[in-house]
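Here are my notes on this model, set out point by point. Please read them with the coordinates open.

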Amino acid sequence: MIVLAIDTCGPAGSIALGHVEGDAASLLVKTELAGKTYSSQIVPALRGLLAGHGLDVAAIEAIVVVNGPGSFTGVRIGVSSAKGFAEALGIPLLAVSRLAVLAWKAGVERAALDAGRGEFYFRHGSREALIASRDLPLHASPPMAVCEPSAQRAFPDAILVDAPTAGDALKFAAPRLLAGDFADVVALDGNYLRRSDAEIFAKTAGKA
């Protein structure tokens, strides 16, 4: 099974092509996407990956998208692009959490990502939440996976690993892909864990 993976949740994004078979995935090729230009890069980057391996877009049999948490704009672009590809090609789509991929990459059950404003996206097992820095002592027991210096400062005993990529997401998702654990393409949304700035400021303005 040839699979396309997309991750545009962080400061830098990536897309990857891989081959999934026998409950495992082998990465064919991956390319990075510069932040803040994801919407203009995804399609040309995908064309380049396919051409480099002599493949046509019709060769893609499934899509994995990292649907957050992370940058609101990045999450929206990644999810909407994945949904567009899935609908246009008539292929299934699977969504994975960036926190879950990060924890898997480090081989632990806990993971944290800097959410800004003194808050962190936090995962323990299958539970995810947005926590304030003042609540960090309640969640700081190791082992914990982080991929940012700011998160490591908050969790000094954590395991620091490289930021998860689309290639990592593809490998993480391999068992679910083979099990057919796909998302409803129409209903799929971002895993934001908190409201957007627009929602927060609109509510604040309404109270003024």
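1. Start with helix 3 and helix 5. This is a predicted model, and in it the axes of helix 3 (residues 98–106) and helix 5 come within 10 Å. They cross at roughly 80°, so the two helices are roughly perpendicular to each other; the band for that term is 65 to 115 degrees. On the helix 3 side the contact uses A100, V101, W104 and K105. Helix 5 brings D168, A169, K171 and F172. By class, that contact has 5 nonpolar and 3 charged residues, with no polar ones.

2. Which strands does helix 5 lie across? Helix 5 (residues 166–179) lies across strand 1, strand 2, strand 3, strand 4 and strand 5. Its direction runs at about 35° to strand 2.

3. Now the sheet itself. It is open and has 5 strands, in the order 3-2-1-4-5, with mixed pairing. Strand 3 (24–33) and strand 5 (93–96) are the edge strands, and each pairs on one side only. Neighbouring strands are turned by 20° against each other on average, with direction ignored. Helix 2 also packs on this sheet, where it touches strand 1, strand 4 (62–66) and strand 5. The direction of helix 2 makes about 170° with that of strand 4.

4. Within the sheet, look at strand 1 and strand 2. Strand 1 (residues 2–7) pairs with strand 2 (residues 13–21) in the antiparallel sense, over 6 bridges. For a register check, A5 stands opposite A16 in strand 2.

5. Helix 1 and helix 2 make another helix pair. Helix 1 covers residues 38–52 and helix 2 covers residues 72–89. Their axes lie 10 Å apart and the packing angle is about 40°. That makes helix 1 oblique to helix 2. The crossing of helix 1 past helix 2 is right-handed. From helix 1, Y38, S39, I42, V43 and L46 take part; they meet G74, I77, S81 and F85 in helix 2. The residues of this contact divide into 6 nonpolar and 3 polar, with no charged.

6. The loop between strand 4 and helix 2 deserves a look. P69 sits in that loop. The peptide bond from G68 to P69 is cis, with omega near 0°.

7. Next, strand 6 and strand 7. Is strand 6 largely enclosed or largely open? Of the 7 residues of strand 6 (residues 110–116), 5 are buried, so this strand is largely enclosed by the rest of the structure. Strand 6 pairs with strand 7 (residues 119–124) in the antiparallel sense, over 6 bridges. R110 stands opposite H124 in strand 7. The two strands form a hairpin with 2 residues between them. R117 lies in the loop between strand 6 and strand 7. Its phi is positive, about 60°, although R117 is not a glycine.

8. Strand 7 goes on to a second hairpin. Strand 7 and strand 8 (residues 127–132) pair in the antiparallel sense over 6 bridges. Here, too, 2 residues separate the strands. G125 in the turn has a positive phi of about 65°. In strand 8, R127 is the bridge partner of H124. H124 therefore needs checking in both registers: R110 is opposite H124 in the strand 6 pairing, and R127 is its partner in strand 8.

9. Two residues in the loop between helix 5 and helix 6 (197–207) are worth a look. One is F182. At 31% relative accessibility, F182 counts as partly exposed, since the class runs from 20% to 50%. What does F182 touch beyond its neighbours within four places in sequence? Its contacts there are A62, P92, L93, L94 and L177. The C-alpha atoms of F182 and A95 are separated by 7.7 Å, although the two residues are 87 residues apart along the chain.

10. The other is L193, also in the loop between helix 5 and helix 6. Phi of L193 is near 70°, a positive value in a residue other than glycine. With a relative accessible area of 29%, L193 is partly exposed.

Conventions
Residues are numbered from 1 along each chain as its sequence is written. This is a predicted model: local features need pLDDT of at least 70, side-chain atom pairs count only at pLDDT 80 or more; totals for chains, interfaces and linings use all residues. Side-chain values use heavy atoms; hydrogens and water are left out. Axes are lines fitted to C-alpha atoms, for helices over the stretch in contact, and angles run from 0 to 180 degrees between N-to-C directions. Helices (H or I, at least four residues) and strands (E, at least two) are DSSP runs, numbered from the N terminus. Angles under 35 degrees count as roughly parallel, over 145 as roughly antiparallel, 65 to 115 as roughly perpendicular and the rest as oblique. A crossing is left-handed if the near helix is turned anticlockwise from the far one by less than a right angle, and right-handed if clockwise. Contact means heavy atoms within 4.5 Å. Ala, Val, Leu, Ile, Met, Phe, Trp, Tyr, Cys and Pro count as nonpolar, Asp, Glu, Lys and Arg as charged, and the others, Gly among them, as polar. Buried means under 20% relative accessible area, exposed over 50%, partly exposed in between (1.4 Å probe, protein chains only). Two strands pair if DSSP finds at least two bridges between them.
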